[in-house]
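Morning, everyone. Please bring up the model on your screens, and I will walk you through a few places in it.

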2 protein chains.
Amino acid sequence: MGKDFVVGIDIGGQSSKLGVVDARGVVLAQSVVKANNSPDADVIIKELAEAVLKLVAQSGKHGQIRGIGVGAPNGNYYTGTIAFAPNLPWAAHGSVEFSKKLSEACAGIPVALTNDANAAAMGEMTYGVAKGMKDFIMITLGTGVGSGIVIGGQVLYGSDGFAGELGHTCAVRHNGRLCGCGKTGCLEAYCSAIGVARTAREWLDMSEEPSALREVQNITSKDVYEAAKEGDKLAKRVFDYTGRILGEKLADFIEFSAPEAIVLFGGLARAKEFLYEPTLKAMNDNVLPLWRDKVKLLFSSLKESDAAILGASALAWEL
Amino acid sequence: MGKDFVVGIDIGGQSSKLGVVDARGVVLAQSVVKANNSPDADVIIKELAEAVLKLVAQSGKHGQIRGIGVGAPNGNYYTGTIAFAPNLPWAAHGSVEFSKKLSEACAGIPVALTNDANAAAMGEMTYGVAKGMKDFIMITLGTGVGSGIVIGGQVLYGSDGFAGELGHTCAVRHNGRLCGCGKTGCLEAYCSAIGVARTAREWLDMSEEPSALREVQNITSKDVYEAAKEGDKLAKRVFDYTGRILGEKLADFIEFSAPEAIVLFGGLARAKEFLYEPTLKAMNDNVLPLWRDKVKLLFSSLKESDAAILGASALAWEL
């Protein structure tokens, strides 16, 4: 029997999603493992392995799995480790030999690991709007801002496996916001879901301008989006501002790697109707003339959960 | 007879340098063609071809040249064209089919073209401080600021051949200096030889602080360097400032491609004694903790003219 199937796993802070995938990208079976908040990596990996083996048995593809591809925050492609991932209690304070341990717990099926943004980029390249592209940059606008950079059809890993931390490049040089990473002014502090909510809260505090958001407790980016859809002017301006900061940095990124397209992905990218124009304008206003109006700004067409599973699974074909 | 030799050409605004090079990087013969300011590309290419054929004949390697590698401002690796190069009168206002024409004028010897910063990066990788490295970023600090990005042992060209315009990423977002490219706040407007001289002039105008530079007409970066060597405080602070702005942007670049090292090259890099510390400090202060004190900051060990010829020639081995 050939090994014609792979498993894709998307590891998240709240839950992990698994899928058995065929060569055409069809997800034959999938399941979800809820995070149990254990700080013990061995417990987590054992649980995950059981879920994998159960799902493989359900799909009827036992013995036909070529490999397991995993996307995880701070997952390192070269070393197979997950290290210092703030949202994973079992990998927040050190380095976990994830690939090795998961493979052992899954009867020796080989495991390949990358970070979640890189996995999303692979999913987009294999099945999404970046299909057929060899050079593009994926920006994931979620709780944080991540990135997966594709060069010549390959995900960029750099000298140590950690390339593509574009969310932590500097967007605001002086007096910038404190970012979760400890630096100030990072792109993530402005263009993540958390950043959008923070902008709204700051602006509400700073002025008396009427806004539907004044009625909301603990404003989230979703609240800002809903308000913008209702025509709230302050909420709309929050997206203008977010798009401008994002577009300014995208211009820098284009000048680095000359991609064919930038692909935006993640929860915040659903606010396309408010983000597209200001982002595109700032990108073109700030980039060298040779790229002006030439680099495409695209929004992911894949469902988030599918993209993550498919992207992670794509990694396993290389095993 | 094997084709065991290559020709390297470094095209500049003032003059072009040629060399016949063997597989070990020994320059067997070299010559210089002074720029004649003709706006006619055909005239320039004919002159260059004559110089190549003469040099090959002198070196006694007629019939043994595998190819000609050329580094030129705005040279495009993919298309073999030089387009809109402000410092080359014959290629300033349009696109010149350089590789094709030079090859025809050189009895059909194949020609490969890249921009000068990429050629310098290849020279550094083959013969300089980046020998053996697969991932590094070369920053050329000359009249302008150029860059050659090496990823996995290959120069990064991107989707269109123009990747690596790091001199035009944004260093100062608001009220930044006007750059030669038409944008404002570019790294090049601060960290080039011209930028250093401009900083000195601005600071002299803005204060009454005593400085040896007040005696100098038409201050150049060389004057600032000489003054700093004599202990001039204002001149030293100009380099502190220049290094800080450079280091801040290097942090961004590291977060993009996770290189093993940054290599500084070009006329201004000779001021290593004043640039190294502030640049390194700003780089480490601004980069994510995972790269802090890990990425090397190196200065080129090659003579500028040699590096350019050798780098360009390295391109020809791939022909």
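Start with Glu248(B). Leaving aside its neighbours within four places in sequence, what is Glu248(B) in contact with? Three of its contacts are in its own chain: Ala282(B), Met283(B) and Asn286(B). Arg173(A) is also on the list, and that residue belongs to the other chain. The side chains of Glu248(B) and Arg173(A) make a polar contact at 3.4 Å. Keep in mind that this is a predicted model.

Where does Glu248(B) sit? Its place is in helix H7 of chain B. Is it buried or exposed? Buried: its relative accessible area is 8%, and the cut-off for buried is under 20%.

Now go to helix H8 of chain B, residues 272–286. Two of the contacts of Glu248(B), Ala282(B) and Met283(B), are among the buried residues of this helix. The others buried there are Phe274(B), Leu275(B), Pro278(B), Thr279(B) and Asn284(B). What do these buried residues pack against? Two helices of chain B, H6 (221–229) and H7 (233–257), are partners. So are three strands of chain B: E8 (136–141), E11 (261–265) and E12 (296–299). As for length, H8 of chain B has 15 residues. From first C-alpha to last, the helix reaches 20 Å, close to the 21 Å expected at 1.5 Å a residue.

Next, how the two chains relate. Chain B can be laid on chain A with an RMSD of 0.0 Å. That takes a turn of 180 degrees and a shift of 0.0 Å along the axis. This is the relation of a two-fold axis. The copies meet through the same surface, because 100% of the interface residues of chain B are also interface residues in chain A. One aromatic cluster draws on both chains: Phe253(A), Phe256(A), Phe253(B) and Phe256(B).

Step back and look at chain A as a whole. It has 9 helices and 12 strands. Its C-alpha atoms fill a box of roughly 65 × 45 × 35 Å, taken along the principal axes. Does the radius of gyration fit a compact globule or depart from one? It fits: with 319 residues, such a globule would have a radius near 20 Å, and chain A has 20 Å. Buried residues make up 58% of the chain. Now take contacts in chain A between residues at least 6 apart in sequence: 63% of them join residues at least 24 apart.

On to the aromatic rings. How many aromatic pairs does a search of the whole structure find? The count is 21 over all chains. Take Tyr225(A) and Phe239(A): their pair is edge-to-face, at 6.5 Å centre to centre and 85 degrees between the planes. This pair links distant parts of the chain, with Tyr225(A) in helix H6 and Phe239(A) in helix H7, 14 residues apart. Both rings belong to buried residues: Tyr225(A) has a relative accessible area of 16%, and Phe239(A) is at 0%.

A second pair is Tyr276(A) with Phe299(A). The ring centres are 6.1 Å apart and the planes are at 55 degrees, so this pair is tilted. Tyr276(A) lies in helix H8 of chain A and Phe299(A) in strand E12, so the pair ties together parts that are 23 residues apart in sequence. Tyr276(A) is partly exposed at 29%, whereas Phe299(A) is buried at 10%.

Last stop: two loop residues in chain A. Asn76(A) is in the loop between strand E4 (65–71) and strand E5 (82–83). With 1% relative accessibility, Asn76(A) is buried. Its side chain reaches the backbone nitrogen of Tyr78(A) at 2.8 Å. Not counting residues up to four places away in sequence, Asn76(A) touches Thr81(A), Leu113(A), Asp160(A), Gly161(A) and Phe162(A).

Glu97(A) is in the loop between strand E6 (95–96) and helix H2 (98–105). It is partly exposed, at 43%. Beyond its neighbours within four places, Glu97(A) is in contact with Gly80(A) and Thr81(A). Thr81(A) thus appears in the contacts of Asn76(A) and in those of Glu97(A). Finally, Glu97(A) and Met138(A) are 41 residues apart in sequence, and their C-alpha atoms are 27 Å apart in space.

Notes: Residues numbered from 1 in each chain as written. Chains lettered and ligands numbered in written order. Predicted model: local features only at pLDDT ≥ 70, side-chain atom pairs only at ≥ 80, totals over all residues. Heavy atoms only, no water. Least-squares fit on C-alpha atoms with pLDDT ≥ 70 in both. Contact = heavy atoms within 4.5 Å. Helix = DSSP H or I, 4+ residues; strand = E, 2+ residues; numbered from the N terminus. Buried < 20%, exposed > 50% of the residue type's maximum accessible area, 1.4 Å probe, protein only. Polar contact = N/O pair within 3.5 Å; in protein donor to acceptor, adjacent residues only side chain to side chain. Expected span 1.5 Å × (residues − 1). Phe/Tyr/Trp six-rings, centres within 6.5 Å; stacked < 30°, edge-to-face > 60°. Rg over C-alpha atoms; globule rule 2.2 N^0.38 Å.
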